[in-house]
Amino acid sequence: VQLQASGGGLVQAGGSLRLSCAASGLTFSRYVMGWFRQAPGKEREFVAAMAWSGGMIYYADSVKGRFTISRDNAKNTVYLQMNSLKPEDTAVYYCAADRYYSGSYRTYDYWGQGTLVTVSS
């Protein structure tokens with residue numbers, strides 16, 4: 001199984017970025033896809049997750065109303081649209097996959113390599 005995250009970069013506060021995560025080696029439509037992030041010196045934290053059908057979507061309170069998770073099962077890709085970015089959103093962002101939803105990074109089976117998002121003030 002491979003998860004390849006991309007789309008990170010440097011952006012000013014208030015700006016936007018879209019992260020992508022391409023999955024291979026798994027039956028993508030059967031997996032919950034999640035995004036997590038880890039800032040320097042902090043524990044990895046949940047950002048958003050979406051069930052295979054798209055009917056169940058979860059967000060961390062800190063990103064509600066600013067971030068949108070979506071997926072394209074035909075392309076085996078999950079996206080994270082990030083708007084109104086804040087300096088505190090600066091972190092390495094990881095995509096992850098698991099058969100079941102959880103807000104804990106400890107339960108996810110598969111992980112991408114991470115993509116760095118830096119938001120300048």
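## Salt bridges and ring pairs: worked exercises

Arg37, Glu45, Arg66 and Asp89 are linked in a network of salt bridges. Keep in mind that this is a predicted model.

**Exercise 1.** Work out which side chains Arg37 meets in salt bridges, and how buried the partners are.

*Solution.*
- Start with Glu45: its side chain meets that of Arg37 in a salt bridge, 2.6 Å from N to O.
- Next comes Asp89, whose salt bridge with Arg37 is 2.9 Å, N to O. This pair links distant parts of the chain, with Arg37 in strand β4 and Asp89 in the loop between β8 and β9, 52 residues apart.
- Now for burial, where the cut-off is under 20% relative accessible area. Arg37 has 6%, so Arg37 is buried. Asp89 has 1%, so Asp89 is buried too.
- Glu45 has 35% relative accessibility, so Glu45 counts as partly exposed.

**Exercise 2.** Find the salt bridge between Asp89 and Arg66, and place both residues in the chain.

*Solution.*
- Asp89 and Arg66 form a salt bridge with the closest N and O atoms 2.7 Å apart.
- Here too, distant parts of the chain are linked: Asp89 sits in the loop between β8 and β9, and Arg66 in the loop between β6 and β7, 23 residues apart.
- Both Asp89 and Arg66 are buried.
- Zooming out, a search of the whole structure turns up five salt bridges.

**Exercise 3.** How many aromatic pairs are there, and what is the geometry of Phe36 with Phe46?

*Solution.*
- The count comes to eight aromatic pairs.
- Phe36 and Phe46 pair edge-to-face, with 5.7 Å centre to centre and 75° between the planes.
- Phe36 is in strand β4 and Phe46 in strand β5, so their pair ties together parts ten residues apart in sequence.
- Phe36 is buried at 0% relative accessibility, and Phe46 is buried at 13%.

**Exercise 4.** Is the pair of Tyr58 and Tyr101 stacked or edge-to-face?

*Solution.*
- The centres are 3.6 Å apart, with 10° between the planes. Planes under 30 degrees apart count as stacked, so that is the label.
- Tyr58 is in strand β6 and Tyr101 in the loop between β9 and β10, 43 residues apart.
- Tyr58 is partly exposed at 23% relative accessible area, and Tyr101 is partly exposed at 34%.
- Ring pairs join Tyr58 and Tyr101 into a cluster with Phe36, Phe46, Tyr94, Tyr108 and Trp111.

**Exercise 5.** Which rings have the arginines Arg44 and Arg99 over them?

*Solution.*
- Arg44 has its charged end over the ring of Tyr94, 3.8 Å from the centre.
- Arg99 lies over the face of Tyr31, 5.8 Å from the ring centre.

Methods
Residues numbered from 1 in each chain as written. Predicted model: local features only at pLDDT ≥ 70, side-chain atom pairs only at ≥ 80, totals over all residues. Heavy atoms only, no water. Salt bridge = Lys/Arg side-chain N within 4 Å of Asp/Glu carboxyl O. Buried < 20%, exposed > 50% of the residue type's maximum accessible area, 1.4 Å probe, protein only. Helix = DSSP H or I, 4+ residues; strand = E, 2+ residues; numbered from the N terminus. Phe/Tyr/Trp six-rings, centres within 6.5 Å; stacked < 30°, edge-to-face > 60°. Lys NZ or Arg CZ within 6 Å of the ring centre and 35° of its normal.
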